[in-house]
Every structure is written in structure tokens, then in C-alpha cells.
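Subject: Structure handover

Hello,

Here is the structure for your files. My notes on what turned up in it follow below.

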Amino acid sequence: MRVAEAMTRDVRIANPDESIVEAAKMMADCDCGVLPVGENDRLVGMITDRDIVVRALAQGKTGDTRIRDVMSSDVKYCLEEDDVDDVARNMSDLQIRRLPVLDKNKRLTGIVSLGDIASSDQAQSAAQALHGISEQSTQHSSSGHKLH
């Protein structure tokens, strides 16, 4: 199955010059924790609710902080034509739960999440990816600090 058959096409796109408050409002409106960031018809980054908290608020930045100042500009993505099983494996390796989807002209056409993959007939791929993400996360979280 191709990614184009499993992805979500209705995606809100943030502008890098908008504030993190505007990004948070968009996330609240669409009930999501991540937004692609686009400029001049190109994907230039991704911003997550975690970026807003860790890279902005925890650093003492205000709600007026521009998205470009806290977004991730090293964007991992997949293509519409990619195989869902391959993308799920890559998501597991990268420890991410969603990827922007680009067309052959490198324009954003959607987002694919593990939930999208699980809802398709590729549920086994999603389960394996989630297992890989969870296993690696457990290794990271148990390797330094005790929980009290």
C-alpha cells in the first residue's frame, strides 16, 4: 500500500513568522500536537506542542516568540508513492509517530501517522513501528535517572 492511500490530507500549515501562541491555537483547533511549517509553498519545518513548551516556555520565551525560533528545521518526511511498510519501519527507527508527506515536486500534500497506518489494512506495520518507538524510548528513559 502506498502512503497516499493511508495519509491524512486535511493539514493545517503554520507560517514561520506566526507566534507560538498562534501555533498553539491552531493545534487546539485541529486537536493535534504537531504542525508543518510552510513558507513560499515549501515545507521549512515542523513545530510540536513539545517544542513550544521545551524550546520556548521553559527557556523563558514569551508567547510572541516566532515559530521559526523554536521549530525543527531538520524535517524528516516521506513521499506519497512510498510503501507504507517501509515508512512505518523508518518511523520506528527515527522514533517518530508522524511524518509530513510530500509529492514528487516536494510540496506538502498531507501527514501520515501511526494511527493512519493502523486504520489502514497495514495495522501490523503500525504495531511494529510503535513497538520499536516504545522500546527505544524505554531504553532512553531508564538509562540515567531513577523515578521516585
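Strands E1 and E2 run antiparallel and are joined by 6 bridges. Please keep in mind throughout that this is a predicted model. Within that pair, Glu 39 has Arg 42 of E2 as its bridge partner. The hairpin has 2 residues between its strands, and Asn 40 there takes a positive phi near 50°.

Glu 39 turns up again in a salt bridge. Its side chain meets that of Arg 68, with N to O at 2.9 Å. Arg 68 lies in the loop between H2 and E3, whereas Glu 39 is in strand E1, so the contact ties together parts of the chain 29 residues apart in sequence. Arg 68 is partly exposed at 36% relative accessibility, and Glu 39 is also partly exposed, at 25%.

Next, the helices. In H1, which spans residues 20–30, the buried residues are Ile 20, Ala 23, Met 26 and Met 27. These four sit on the same side of the helix, because the arc they cover around the axis is only 115°. Lys 25, Ala 28 and Asp 29 are exposed on the other side of H1. What covers the buried residues of H1? The cover includes strand E1 (34–39), strand E2 (42–48) and helix H2 (49–56).

H2 has buried residues of its own: Asp 51, Ile 52 and Ala 56. Viewed down the axis of H2, they fall within an arc of 100° and so line one face of the helix. Their cover includes H1 and E2. H1 and H2 therefore each appear in the cover listed for the other.

After H1 comes Asp 31, with a positive phi near 50°. The residues on either side of this position are the cysteines to check. Cys 30 and Cys 32 form a disulfide with their sulfur atoms 2.5 Å apart, and a search of the whole structure finds 1 disulfide. Cys 30 is partly exposed, at a relative accessible area of 31%. Cys 32 is partly exposed as well, at 26%.

Cys 78 is buried, at 3% relative accessibility. Its bridge partner in E4 is Val 101. E3 and strand E4 (residues 98–102) pair in the parallel sense over 2 bridges. They belong to an open sheet of 3 strands in the order E3-E4-E5, with mixed pairing. Strand E3 (78–79) and strand E5 (108–113) are at the edges with a single partner strand each, so one side of each has no neighbour in the sheet.

The salt bridges come to 9. One of them joins the side chains of Glu 80 and Arg 9, at 3.6 Å from N to O. This pair links distant parts of the chain: Glu 80 is in the loop between E3 and helix H3 (84–94), and Arg 9 is in the segment before H1, 71 residues away. Is Glu 80 buried or exposed? Glu 80 is buried, with a relative accessible area of 16%.

Another salt bridge lies within helix H3, where the closest N and O atoms of Arg 89 and Asp 86 are 2.4 Å apart. The two residues are 3 apart in the helix, which means a separation of about one helical turn. Arg 89 is partly exposed at 46% relative accessibility, and Asp 86 is partly exposed at 38%. Finally, Arg 2, Glu 5 and Glu 81 are joined into one network by salt bridges that share partners.

Regards

Key:
Residues numbered from 1 in each chain as written. Predicted model: local features only at pLDDT ≥ 70, side-chain atom pairs only at ≥ 80, totals over all residues. Heavy atoms only, no water. Buried < 20%, exposed > 50% of the residue type's maximum accessible area, 1.4 Å probe, protein only. Arc of directions from axis to C-beta. Contact = heavy atoms within 4.5 Å. Pairing = 2+ DSSP bridges. Disulfide = S-S within 2.5 Å. Salt bridge = Lys/Arg side-chain N within 4 Å of Asp/Glu carboxyl O.
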